[in-house]
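Open your viewer and get ready to click along. We will go stop by stop, selecting one thing at a time.

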Amino acid sequence: MADDLEAKVKKYLRGEGANLEVLNDKKLKTQLAIREDLYGKSAKAAADVEKWLMPSEGGYLEAEGIEKTWNITQESIAREVDILSSKNQHDIILPDLGPYTVDFTSSGRYMAIAGRKGHLAVVDLKNMSLVKEIQVRETVRDVVFLHNELFYAAAQKKYPYIYNQDGTELHCLKEHGPVRKLQFLKNHFLLASINKIGHLHYQDVTAGQIVANFRTACRSDAMRVNPFNGVVSLGHSVGTVTMWKPTSSAPLVKMLCHHGPISALAFHSNGHLMATAGRDRKIKIWDLRKYDTLQTLPGHAISLDFSQKGLLAYGNGSSLRILRNNSDSQSYERYMSHSFLKGYQINKVLFRPYEDVLGIGHSMGWSSILAPGSGEPNFDSWVANPFETSKQRREKEVKSLLDKLPPDTIMLNPSKIGSFKPPRKKEKPTKEEREAEIEAAVTAVKSTEVKKKTKGRNKPSRRAKKRQESIAMAKRPFLEQQMEEYNSGQKRKISEEVQLPPSLQRFAKRKVV
Amino acid sequence: MRVKVISRSNDEFTRERSQDLQRVFRNFDPNLRPLGKAVEYVRALNAAKLDKIFARPFIGAMDGHLDAISCMAKNPNYLKGIFSGSMDGDIRLWDIASKRTVCQFPGHQGAVRGLTASTDGRILVSCGTDCTVRLWTVPIPTLEEFYSPGKSSEPLAIYTRQNAFRAVDHQWDGEQFATGGAQVDLWNHNRSQPIKSFEWGTDTILSVKFNPGEPNILATSASDRSITIYDLRLSSPVKKVILMTKTNAIAWNPMEPMNLTAANEDTNCYSFDYRKLGEAKNVHKDHVSAVMDIDYSPTGREFVTGSYDRTVRIFPYNGGHSREIYHTKRMQRVFCVKFSCDAGYVISGSDDTNLRVWKAKASEQLGVVLPREKRKHEYDESLKNRYKHIPEVKRIVRHRHLPKLIFKAGRLRREMIEAAKKKDERRKAHSAPGKVVTKPLRLRRTVKEIE
């Protein structure tokens, strides 16, 4: 019980406290100690009230006897659960327009689906009703919701388009080109896209300007945003994963993950875990704090996804598997599996937030199955509310726009924001320090014993000369360095060699002839 | 097989009737709110910017005197009232809310130099260069006063002495008041002669202030650059400290009544512990010309100063630099300042015959603040406090637009101080170790302490 509470407190503490031992300033130390104490108290209070604030318990699936959880079929689960939940198991067969891809809103209430052959639709999953469907009559490669269910973007044959819920085309984003994958960064209101020729675009959807446009040099089939820090990751056809932020044109991280093209990527919501799947028939789970593999699993995956509670689903062909983190062995192990009829080709698997449901887009339409224990059981009305009214939605839109983050807050470690750099070291040593360095080098040379040589070479004058030489040799690098610095300073002065515009040439220094 | 899945029925999570409040569910899990620190930082930045946008400290000017305002007095019993005396002998009682004169007290032949009201707010004492001390009854504020401005009052008593008076202050708890001029005189409401007189040296007393905690302790400053402490129970003054420049005004900290702050001619204010006058506890520097008057907020956490450089500044009681500077184009040399009794406003009287009312917090919202708004302000305040060291936030919070003259004078002062410091360092470097000792500014400005 106490252990349980401790774990909860740790969760609310959001990482380690400041190290106060290294501080010299007594006053600051006391102030920070008081602050740290307050953080501890508030974390404890939050952990204490959890049992009243968060009454719902998460789902689970437990085997009894010799049966195994991965052998339990969806039909047998459906028999056990209530009617409301069993409604979440369905297959929608649309064989003509697939394969399909799906996306959920952050509250998990709405689903956008896009068929490769131009079928776009928004579905209200609470009422199980179709909000609107349209046919755009061209290839649709990806679909993504913007900040709420009213807008979604679809990557079509030549350009991505933004539609509203009624299916009205609002914008055609021509700068992006023929886009393969789309991602939306909720806190930053940025739409990120990777197109066929490997250009990564960031567009601010509130003001409309292109924030960044990078050439990633390589074709990529997988793209995911790390929800923890907003860094966009791309999986390339050469087996590398690159991570990008909109403020730097070079990737933050470039890692070789597979010996073959990368087919899918996924991030855990706590930002520490990444799963990649390659065509080399491997699925790897990475620790993003060390950039090291934690686990390598055999298998192909067309699509990967982490659920809110940390389940990992991957689909390939007509079968899919769900893995669970085994808390004892710290590794992902088989939890559930499901297979469709032969001939179904899974295109996308995506866990529905705040529900124990896995959405699947495949070549014959879309399906949803039950995955007990995948969703967060307690939602927060101010973060994502599945029962949101239109008034609440409007208010939330305004609030989230007020809290919109500038693109430069995207970085690998977002907890660095609001902290100070340690004071920079002095770039240039002072004159005294330099002299002391030379002195030290000279004394080191002087103190070394000179070898006794053979008779003819061992004159006192020669020994003295040799010593002088060695001292000069010791001094030499320092003097050379000084000379270099002096010369580089000289070069900066305007001279006639530098080509100046004619109007400025009269200010240049002339050589004495 | 045991299985459970999340299942939310509509009835449990939505309201029953449309009149009900929407149901709210909370989950404070940090994983649900990624980038929390970035969001907080952006909010802090926005709060700092909003603070600047809403910074409108000037409320209004109270116009009516015909000459420069020389002194002011708060009415401890009535929040809205303030007395002001001018150089032409006019004394007025103002209603701050309506910015109008409620009552006038004519009679002084020369400049009024000191004003004070008794703690019960019934009696006003004034003194001036015409060598008189006058006692007045303060009209009890009623509704009709607002409709009959320009009423004047007769003095209760007039006491004439040989020398001009420079300052007066009423005891916080009792019937006595003290005047300063050629000497310090102690008066009772009912006596026409001073009960007691103190003299130490021959110089003019510039200001007199009773200790708010101990009714028998009195501090004065004089033109011989001294600050003197008196105990009324003794026959002679207790102690005296002589500074390098003269002190124009003194204020006691009402919450820590052993501490007093002196407004000095050398542009700084010095906080002293009156038991240990030899060293200043704190030096408050920012003004660029002589500080003319000082008054503590009733909370004791900050004080306001008015200066000859035409600005009003607000300092934290323990901080070296001001947190706020107020100036307008038309405000001339400030001779007197007061913090209002609710710590919300600052009133300044200046050479241009006007009294000006300022907010103590420049961006504070006036009028009724709803609880939600209040919580928002509190949240913003704590955010700003948390991120105050971050350069972007600090820059916005610290920036004040200054008149060109004051900006330049400040820069010049800083350069001079820097140069003196550098010179001192060099002198130290070129002399034997321990021979040149630099004293901190709070010790350097004291000449001597006399018991």
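Before the first stop, one term: two strands pair if DSSP finds at least two bridges between them. Keep in mind as you go that this is a predicted model.

**Stop 1: where two strands meet**

Select residues 60-62 of chain A, which form strand β1 of that chain, together with β1(B). Three bridges join these two strands, and they run antiparallel. Now click on A:Tyr60: which residue of β1(B) is its bridge partner? The partner is B:Lys4.

**Stop 2: the side of chain B that touches chain A**

Widen your selection to the whole contact between the two chains. How many residues of chain B are in contact with chain A? There are 31 of them, and they meet 51 residues of chain A. On the chain B side, colour β1 (2-4) and α2 (36-53), since each of these supplies at least two of the touching residues. The largest share, six residues, comes from α2(B). If you colour this side of chain B by residue type, you should find 18 nonpolar residues, six polar and seven charged.

**Stop 3: two crossing helices in chain A**

Next, select residues 2-13 of chain A, helix α1, and residues 26-48 of the same chain, helix α2. Their axes come within 8 Å and cross at roughly 125 degrees. Because of that angle, α1(A) is oblique to α2(A). The crossing is right-handed.

Show the side chains where the helices touch:

- From α1(A), pick A:Leu5, A:Lys8, A:Val9, A:Tyr12 and A:Leu13.
- From α2(A), pick A:Tyr39, A:Ala43, A:Lys44, A:Ala46 and A:Ala47.

What kinds of residue make up this contact? Eight are nonpolar, none is polar and two are charged.

**Stop 4: annotated repeats**

The last stop uses labels from a record. In chain A, select residues 255-296, which an unreviewed UniProt entry annotates as "repeat: WD". This span is 60% strand and 0% helix, and its end C-alpha atoms lie 16 Å apart.

Move over to chain B, where UniProt (again an unreviewed entry) lists "repeat: WD" for residues 62-104, 105-138, 284-315 and 327-368. Try two of these spans in turn. In residues 105-138 of chain B, the end C-alpha atoms lie 10 Å apart, with 53% strand and 0% helix. For residues 284-315 of chain B, the ends lie 7 Å apart by their C-alpha atoms, and the span is 56% strand and 0% helix.

Notes. Residues are numbered from 1 along each chain as its sequence is written. Chains are lettered from A and ligands numbered from 1 in the order in which they are written. This is a predicted model: local features need pLDDT of at least 70, side-chain atom pairs count only at pLDDT 80 or more; totals for chains, interfaces and linings use all residues. Two residues are in contact if their C-beta atoms, placed from the backbone, lie within 7 Å. Helices (H or I, at least four residues) and strands (E, at least two) are DSSP runs, numbered from the N terminus. Ala, Val, Leu, Ile, Met, Phe, Trp, Tyr, Cys and Pro count as nonpolar, Asp, Glu, Lys and Arg as charged, and the others, Gly among them, as polar. UniProt positions are given in the numbering used here, feature names are shortened, and annotations may be inferred rather than shown by experiment. Axes are lines fitted to C-alpha atoms, for helices over the stretch in contact, and angles run from 0 to 180 degrees between N-to-C directions. Angles under 35 degrees count as roughly parallel, over 145 as roughly antiparallel, 65 to 115 as roughly perpendicular and the rest as oblique. A crossing is left-handed if the near helix is turned anticlockwise from the far one by less than a right angle, and right-handed if clockwise.
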